[in-house]
Amino acid sequence: MADKSPKATPQSETPQQQTLPMQYDVRIHSLRLDGNCRAHASVNINGCFAIRGVKVMESSKGLFVSMPSYRAGNGEYKDICFPVTKEARQEFDNAVLNAYQQALSQSQQTRRAAPDPTIRQAPGPEMSM
C-alpha cells in the first residue's frame with residue numbers, strides 16, 4: 001500500500017509565493033506649510049492593516065516619509081513598523097507622498113476659491129421697484 005500522506009518539500013522546490021497587489025488608502029490629517037513636519041497621515045493597507053503616526057517630513061534633500069518610531073536608549077530613533085523590501089518601501093512612500101501632494105493642491109485650490117475676508121467688495125447696484 002502506497003503512503004498517500006503529503007510530503008514536505010524543501011523550500012527551494014516550492015513554487016514562488018504569489019503576492020497580492022498592495023492597495024493603500026492614505027488619509028492626510030494635517031498639513032503644515034512651515035517646519036520640518038509637513039503632514040501627519042494614516043495608511044490602511046489592503047483594507048486589513050492600519051498604520052497611524054506616519055509623517056511627511058522635509059529635509060535638505062526634499063520630502064520623505066517617516067514611519068511611526070520610538071527613541072531607543074542610545075538616542076537613536078527606531079521604526080515601529082516598516083516595509084521590508086526596497087520595492088515595498090518605494091511603493092508605500094509613493095502612495096503617501098502622492099496623497100500629500102493631492103491634499104496640498106486641494107488646500108491651495110480651496111484657499112484661492114474662498115473670498116479674502118480682508119477685501120471688502122463694493123455693494124452691487126440696488127434694484128428699485
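**Exercise 1.** In this predicted model, find how many residues lie between strand 3 and strand 4 in their hairpin.

*Solution.* Start with the limits of the two elements: strand 3 covers residues 49–59 and strand 4 covers residues 62–66. The hairpin they form has 2 residues between the strands. Next, take the pairing, which is antiparallel and runs over 5 bridges. Finally, pick out one position: M57 stands opposite F64 in strand 4.

**Exercise 2.** Determine how many aromatic pairs the whole structure holds, and classify the geometry of the rings of Y24 and F92.

*Solution.* A search of the whole structure gives 1 aromatic pair. The ring centres of Y24 and F92 are 5.8 Å apart, and their planes meet at 85°. The centres must lie within 6.5 Å, and planes over 60 degrees apart count as edge-to-face. The pair is therefore edge-to-face. Now locate the partners: Y24 is in strand 1 (residues 24–31) and F92 is in helix 1 (residues 86–113), so the pair ties together parts 68 residues apart in sequence.

**Exercise 3.** Decide whether F92 is buried or exposed, and do the same for Y24.

*Solution.* Buried means under 20% relative accessible area. F92 has a value of 2% and is buried. Y24 has a value of 21% and is partly exposed.

**Exercise 4.** Describe the backbone angle phi of N46, its place and its exposure.

*Solution.* Most residues other than glycine have a negative phi. N46 is not a glycine, yet its phi is positive, at about 50°. N46 sits in the loop between strand 2 (37–45) and strand 3. With 28% relative accessibility, N46 counts as partly exposed.

Terms used
Residues numbered from 1 in each chain as written. Predicted model: local features only at pLDDT ≥ 70, side-chain atom pairs only at ≥ 80, totals over all residues. Heavy atoms only, no water. Pairing = 2+ DSSP bridges. Helix = DSSP H or I, 4+ residues; strand = E, 2+ residues; numbered from the N terminus. Phe/Tyr/Trp six-rings, centres within 6.5 Å; stacked < 30°, edge-to-face > 60°. Buried < 20%, exposed > 50% of the residue type's maximum accessible area, 1.4 Å probe, protein only.
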